Amino acid sequence: LMSRLMILRKLFSGKSDSFRRSTIKSEGAMPPGWTSTRATIFLFHGKPPAARRRTPSTKSVYRDKFGVLTPELERMTGIMQEYGVDEACMESTSIYWMPVWRVLEPYVSLKLVNPFFIRQLSGKKSDVKDAEWIATCLLKGLISGSYVPDELIQQLRQYDRRISDLNTEITRKLGKLDAAMQRCNIRISNYMSSTDTKSYREVVRLISEGVWDPVELSKVVHGKTANAVGKDVIVAALTGVVTDADADMLRQLRDEVALAQRHKDECQSRMESLCEKHFQEQMQNLQTIPGVSKRSATAIIAEVGGDVNSFQDAAHLVSWAGLKPRNEESAGKIKSTRTTHGNKYLRKTLIECSWAASRKHGCFFNRFSYIQTTVRHKNKMKVQVAVARKILATIWFVLHDHVAYRDFTPDIAPAQ
């Protein structure tokens, strides 16, 4: 994988008839095994920018190689400043563009572009050709940068995405925990709604502490569970063959789940403190939307930002999040209407909010979900995507207008 950086724009005139436009491209800023960054600078002479857009101009090339460490990137920044570069464009490749972005951000105006929109034909491309092509696109004004939030929102994103990773890790650890219980032929999870319930956790704690008597274990099972299936069944499900090694494995897995949960709580606490300090009004307004909890509000601010000025309207935000049907038509035939790719973290949060909003009796999203699924017999999963899209459009207006949510009712005229 390679991180491609290209710098273009800004005239540097040592003389009145000499104009220079520079391009710098770095290869592979961070992949393991990479130890250098190659930069190419294109210098244009003789014509001002407006004239060069209509007619070609003479061009000389300056190339250099830099390391991937911060001092080397700072040296590259110094060369850019020497040639008068004030605007940069780089391709987004995994996380490899981020350290270069952080070094360059204080000195030049940066644009991040999806390589999909500017890619060259396979077999006819090289790093230098790619740099020149992206420079040409930026010179002609054909590149619109991706949304890159400010430093505060990037910090919130780190916490939010760490929580997402921890949720996945907790789910995986709970699966391993139950597998360890099944190895001992303790099948209490068959009669519980989840392996994360209080009763299940208490059973695991007692077993890891050396309490293996099924009668003693059955005392910590909730009464409703015991009454539903019978106490004898619960005792039989808790009767197993447990060894000291099994108890140690259960204790370790239990500690790993507790550690991940503690880290998750710490991240959420930091997110809430930052949002309360900088986005208190936005937090309160977002929580007035049906289905949006405090956790969801912090996640939405972390992904979208405290304002939506980067998005022209609600449709642009919906498209950026990947909740909009794609346009794929050829010869009068629609090939696909699947949703586009977008921000998977925001989309996941909105789908969870849509399920909660669909169950809140009396609100617009509940009525919409009922009509689509029960009256029109549409697929429930597709309806939830539609509800998530409507929630995101509502979020745009709530953040843009700085107002709380007001539910739609038939007596409200469209003009109101």
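The protein chain holds 16 helices and 7 strands. The model is predicted. Of its 416 residues, 42% are buried. Among contacts with a separation of 6 or more, 61% join residues 24 or more positions apart.

**Exercise 1. Packing of α12 and α14**

Determine how helix α12 (residues 294–304) and helix α14 (residues 344–358) are oriented to each other, and which residues of α12 and α14 meet.

Solution.
1. The two helices pack at an angle of about 150 degrees, and their axes are 10 Å apart.
2. Angles over 145 degrees count as roughly antiparallel. α12 and α14 are therefore roughly antiparallel to each other.
3. The crossing in which α12 passes α14 is left-handed.
4. On the α12 side, the residues in contact are Ser296, Ala299, Ile300, Glu303 and Val304. They meet Tyr345, Leu346, Thr349, Leu350 and Cys353 of α14.
5. Sorted by class, this contact has 7 nonpolar, 2 polar and 1 charged residues.

**Exercise 2. An aromatic pair inside one helix**

Classify the ring pair of Trp97 and Trp101, and decide whether Trp97 and Trp101 are buried or exposed.

Solution.
1. Rings pair if their centres lie within 6.5 Å, and planes over 60 degrees apart count as edge-to-face. The count by this rule is 9 aromatic pairs.
2. For Trp97 and Trp101 the ring centres are 5.5 Å apart and the planes stand at 80 degrees, so the pair is edge-to-face.
3. Both residues lie in helix α3 (residues 97–104); because they are 4 residues apart, about one helical turn separates Trp97 from Trp101.
4. Buried means under 20% relative accessible area. Trp97 has 11% and is therefore buried. Trp101 has 7%, so Trp101 is buried as well.

**Exercise 3. An aromatic pair between distant parts of the sequence**

Classify the ring pair of Tyr147 and Trp320, and state which parts of the chain the pair ties together.

Solution.
1. The ring centres of Tyr147 and Trp320 are 5.7 Å apart, with planes at 80 degrees, so this pair is edge-to-face.
2. Tyr147 is in the loop between α4 (127–139) and α5 (151–183), while Trp320 is in helix α13 (residues 314–321). The pair therefore ties together parts that are 173 residues apart in sequence.
3. Trp320 has a relative accessible area of 24%, so Trp320 is partly exposed.

**Exercise 4. An aromatic cluster**

List the residues of the aromatic cluster that includes Tyr405.

Solution.
1. Tyr405 belongs to one cluster with Phe364, Phe365, Phe368 and Phe408.

Notes. Residues numbered from 1 in each chain as written. Predicted model: local features only at pLDDT ≥ 70, side-chain atom pairs only at ≥ 80, totals over all residues. Heavy atoms only, no water. Axes fitted to C-alpha atoms, helices over the stretch in contact; angles between N-to-C directions. Parallel < 35°, antiparallel > 145°, perpendicular 65-115°, else oblique. Left-handed = near helix turned anticlockwise from the far one by under 90°. Contact = heavy atoms within 4.5 Å. Nonpolar A, V, L, I, M, F, W, Y, C, P; charged D, E, K, R; others polar. Phe/Tyr/Trp six-rings, centres within 6.5 Å; stacked < 30°, edge-to-face > 60°. Buried < 20%, exposed > 50% of the residue type's maximum accessible area, 1.4 Å probe, protein only.
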